[in-house]
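Subject: Structure handover

Hi,

Here is the structure I promised to pass on. Have a look at it first, and then read on for my notes.

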Amino acid sequence: MDRFPRLTELANAESVRRRLAVVAAPLRFIAFWAAVALPFLYVPLLAGGLEGQQAFVFVSLLAANAAALVVGHEYGR
């Protein structure tokens with residue numbers, strides 16, 4: 001009988017899953033739309049040329065876009 005979880009443990013695990021789903025849905029929504037919108041910020045940077053601090057901003061935007069793509073990938077499914 002020790003192999004089977006107790007009813008209270010199952011209830012707690014299910015409530016944790018529900019809470020995570022409630023938190024994850026808005027994060028996926030925001031990440032999805034951020035992944036759509038962030039590439040529009042590349043255009044002015046690339047049009048003006050990447051000099052000095054702008055190169056760091058461009059790489060940071062690329063990293064933020066990659067993170068948004070990963071987090072928002074499951075949105076709408």
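To start with one residue: is tryptophan 33 buried, partly exposed or exposed? Tryptophan 33 is partly exposed, because its relative accessible area comes to 44%. Please keep in mind that this is a predicted model.

The overall layout

The chain has three helices and zero strands, so there is no sheet to look for. Going along the sequence, you get the pattern α-α-α. The chain has 77 residues, and 14% of them count as buried.

The aromatic cluster

Tryptophan 33 is also a good way into the ring contacts. There are four aromatic pairs in the structure. One of them joins phenylalanine 32 and tryptophan 33: the ring centres are 4.9 Å apart and the planes stand at 90°, so this pair is edge-to-face. Another is made by phenylalanine 32 and tyrosine 75, with centres 5.1 Å apart and planes at 40°, so that pair is tilted. Phenylalanine 32 sits in helix 1 while tyrosine 75 belongs to the segment after helix 3, so this contact ties together parts that are 43 residues apart in sequence.

Taken together, ring pairs link Phe29, Phe32, Trp33 and Tyr75 into a cluster. As for how open these rings are, phenylalanine 32 is partly exposed at a relative accessible area of 28%, and tyrosine 75 is partly exposed too, at 32%.

Some of those names come back on the surface. Phe29, Ile30, Trp33, Val36 and Tyr75 make a nonpolar surface patch of about 480 Å². Of these, valine 36 has its place in helix 1, which runs over residues 7-37, and is partly exposed with a relative accessible area of 37%.

Helix 3

Next, helix 3, residues 53-72. With 20 residues at 1.5 Å a residue, helix 3 should span 28 Å, and its end C-alpha atoms are indeed 28 Å apart, so the two values agree. Which residues of helix 3 are buried? They are Phe58, Leu61, Asn65, Ala68 and Gly72. Because they cover an arc of only 85° around the axis, they lie on the same side of helix 3. The general background is that an α-helix has 3.6 residues a turn, so residues three or four places apart point the same way.

The face of helix 3 turned away from that buried side carries the exposed residues Phe56, Val59 and Val70. Here is one residue from each side:

- Asparagine 65, found in helix 3, counts as buried because its relative accessible area is 6%, and the cut-off is under 20%.
- Valine 59, also placed in helix 3, counts as exposed because its relative accessible area is 51%, and the cut-off is over 50%.

Contacts across the sequence

A few C-alpha distances may help when you orient the model. Asparagine 65 and phenylalanine 32 are 33 residues apart in sequence, with 9.6 Å between their C-alpha atoms. For valine 59 and tyrosine 42, which are 17 residues apart along the chain, the C-alpha separation is 9.9 Å.

Histidine 73 is in the segment after helix 3, and it is partly exposed, with a relative accessible area of 46%. From histidine 73 to arginine 28 it is 45 residues in sequence and 7.4 Å in space, C-alpha to C-alpha.

If you only open a couple of views, I'd pick the ring cluster of Phe29, Phe32, Trp33 and Tyr75, and then helix 3 with its buried residues, including Phe58 and Leu61.

Cheers

Conventions. Residues are numbered from 1 along each chain as its sequence is written. This is a predicted model: local features need pLDDT of at least 70, side-chain atom pairs count only at pLDDT 80 or more; totals for chains, interfaces and linings use all residues. Side-chain values use heavy atoms; hydrogens and water are left out. Patches are made of residues with over 30% relative accessible area and no salt bridge: like charges are joined within 9 Å, nonpolar side chains (Val, Leu, Ile, Met, Phe, Trp, Tyr) within 5 Å. Accessible areas come from the Shrake-Rupley method with a 1.4 Å probe; for residues, only the protein chains shown count as cover. A salt bridge is a side-chain nitrogen of Lys or Arg within 4 Å of a carboxyl oxygen of Asp or Glu. Helices (H or I, at least four residues) and strands (E, at least two) are DSSP runs, numbered from the N terminus. Buried means under 20% relative accessible area, exposed over 50%, partly exposed in between (1.4 Å probe, protein chains only). The expected span of a helix is 1.5 Å times one less than its number of residues. The arc is that of the directions from the helix axis to the C-beta atoms. Rings of Phe, Tyr and Trp (its six-membered ring) pair if their centres lie within 6.5 Å; planes under 30 degrees apart count as stacked, over 60 as edge-to-face and the rest as tilted.
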